[in-house]
Amino acid sequence: MYLYGASGHGKVVAEVAEETGYKIEAYIDENPLKERVLSYPVLHEVPQHEIDILISIGNNKTRKRIVNQGELFNYVTLIHPRTVISKRVKIGEGTVAMPGVTVNAAVKIGKHCIINTNASIDHDCILEDFVHISPNVALAGNVYVGEGTHIGIGASVIQGIEIGKWCTIGAGAVIISDVPDGSTVVGNPGKVIKSRSLKI
C-alpha cells in the first residue's frame, strides 16, 4: 500500500499500517524536498496504475481535495490492533483509528476520518466524512459530527449534541449545546468565537 502525505501524521499512520500487517511501498508527497520518511521512499507523482492507499494527512480539507481528484485509488481502512471497537460499528473506507481508541455500539464513522490516539466515542454517535477526532477527545452517546469537522485535543461533548459541518472545536473545549455549521468553538462551556459561510 501507499501513504499519501509524508508528514508527522503520516509517520503515525505508517506504524498503524505496519502493526496491521500491511506492506508499505512508499509515501506520496508533493514536497520535492522530501526523499525518505522513516524507512520508506517518497514519490512526488502518483503511480499511473491502481493502488491501495490511505491519505495520511491531518488537514480535513486537503484529504477531501485529494479524494475529489478521482485518482485510481483503492482506499484502505486502518484499525490499530490496540483499539476497542464494537462489532456493531460501521467504519467507512480511508479511515484510520489510532492506538487506544474506544468506539462503542452502533456508532457510524464516515469515509476518510481520523480517530486519533485514546479518543473515546460512545454509543450511537454519527461521524460524517473527513472528520478528525483528536487525541483524548470524549464524545458521549448520540453525538452527531458533521462533515469535515475537527474536534481538538482533549475536548468533551455531552450526549445528544449536534455539531455542524466544517467546524473547529478548540482543545479542551466542553460542548454542551449544538454547534452551527462553520463555527469555531472554544472554552468551558464552549462558546462560538467565529462563524464562516461554507464554500467546501
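Where does threonine 149 lie? Let's start there. Threonine 149 sits in a loop, the one between strand S18 (144-145) and strand S19 (150-151). Keep in mind that this is a predicted model.

So, threonine 149. Is it buried or exposed? It is buried, because its relative accessible area is 0%, and buried means under 20%. Its side chain has a polar partner too. A polar atom of that side chain lies 2.9 Å from the backbone nitrogen of cysteine 167.

Now the neighbours. Skip the residues up to four places away in sequence. Threonine 149 then touches Asn60, Phe130, Val131 and His132. It also touches Ile163, Gly164, Lys165, Trp166 and Cys167.

Step back to the whole chain. How many helices and strands does the chain have? Two helices and 25 strands. The radius of gyration is 17 Å, and the globule rule gives 16 Å for 200 residues. Those values are close, so the chain is as compact as a globular protein of that length. Along its principal axes, the C-alpha trace spans about 45 × 35 × 25 Å.

What share of the 200 residues counts as buried? The figure is 46%. The surface next. The chain exposes about 9500 Å². Carbon and sulfur atoms supply 48% of that area.

Charges, quickly. There are 19 positive side chains and 20 negative ones. The centres of the two sets lie 5 Å apart.

One more number for the chain. Take contacts between residues at least 6 apart in sequence. Of these, 24% join residues at least 24 apart.

Back to single residues. Serine 134 is in the loop between strand S16 (132-133) and strand S17 (138-139). At 5% relative accessibility, serine 134 is under the 20% cut-off, so it counts as buried. Which side chain does serine 134 join in a polar contact? That of histidine 150, at 2.8 Å. Leave aside the neighbours within four places in sequence. Serine 134 is then in contact with Asn116, Ala119, His150, Ile151, Gly152 and Ile153.

Asparagine 136 is in the loop between S16 and S17 as well. Its relative accessibility is 47%, so asparagine 136 counts as partly exposed. Look at its backbone. Phi of asparagine 136 is positive, about 65°, although the residue is not a glycine.

Asparagine 118 also has a positive phi, near 65°, and is a residue other than glycine. Asparagine 118 is found in the loop between strand S13 (114-115) and strand S14 (120-121). At 40% relative accessibility, asparagine 118 counts as partly exposed.

Why point these out? Because most residues other than glycine have a negative phi, and most peptide bonds are trans.

That brings us to a peptide bond. The bond from asparagine 188 to proline 189 is cis, with omega near 0°. Proline 189 lies in the loop between strand S24 (183-186) and strand S25 (191-195).

Next, helix H1. It covers residues 8-19, and glycine 8 is in it. Glycine 8 has 47% relative accessibility, so it counts as partly exposed. How far apart are glycine 8 and serine 197 in space? They are 30 Å apart, C-alpha to C-alpha, and 189 residues apart in sequence.

Alanine 17 is in helix H1 too. At 0% relative accessibility, alanine 17 counts as buried. Set aside its neighbours within four places in sequence. Alanine 17 is in contact with Met1, Tyr22, Ile24 and Leu78. From alanine 17 to tyrosine 2 the C-alpha distance is 9.9 Å, with their positions 15 residues apart in sequence.

Last stop, valine 42. This residue is in strand S4 (residues 40-43). Its relative accessibility is 8%, so valine 42 counts as buried. Not counting residues up to four places away, valine 42 touches Ala6, Tyr27, Asp29, Lys34, Glu35, Arg36 and Val37. Aspartate 129 is 87 residues from valine 42 in sequence and 27 Å from it in space, C-alpha to C-alpha.

To close, go back to the start. Find threonine 149 in its loop between S18 and S19. Then find cysteine 167, whose backbone nitrogen lies 2.9 Å from a polar atom of the threonine 149 side chain. Thanks, everyone.

Definitions and conventions:
Residues are numbered from 1 along each chain as its sequence is written. This is a predicted model: local features need pLDDT of at least 70, side-chain atom pairs count only at pLDDT 80 or more; totals for chains, interfaces and linings use all residues. Side-chain values use heavy atoms; hydrogens and water are left out. Helices (H or I, at least four residues) and strands (E, at least two) are DSSP runs, numbered from the N terminus. Buried means under 20% relative accessible area, exposed over 50%, partly exposed in between (1.4 Å probe, protein chains only). Contact means heavy atoms within 4.5 Å. A polar contact is a pair of N or O atoms within 3.5 Å; within protein, one must be able to donate a hydrogen and the other to accept it, and residues adjacent in sequence count only if both atoms are side-chain atoms. The radius of gyration is taken over C-alpha atoms; the globule rule is 2.2 Å times the number of residues to the power 0.38. Accessible areas come from the Shrake-Rupley method with a 1.4 Å probe; for residues, only the protein chains shown count as cover. Lys and Arg count as positive and Asp and Glu as negative; His and the chain ends are not counted. The place of a charge is taken as NZ of Lys, CZ of Arg, CG of Asp or CD of Glu.
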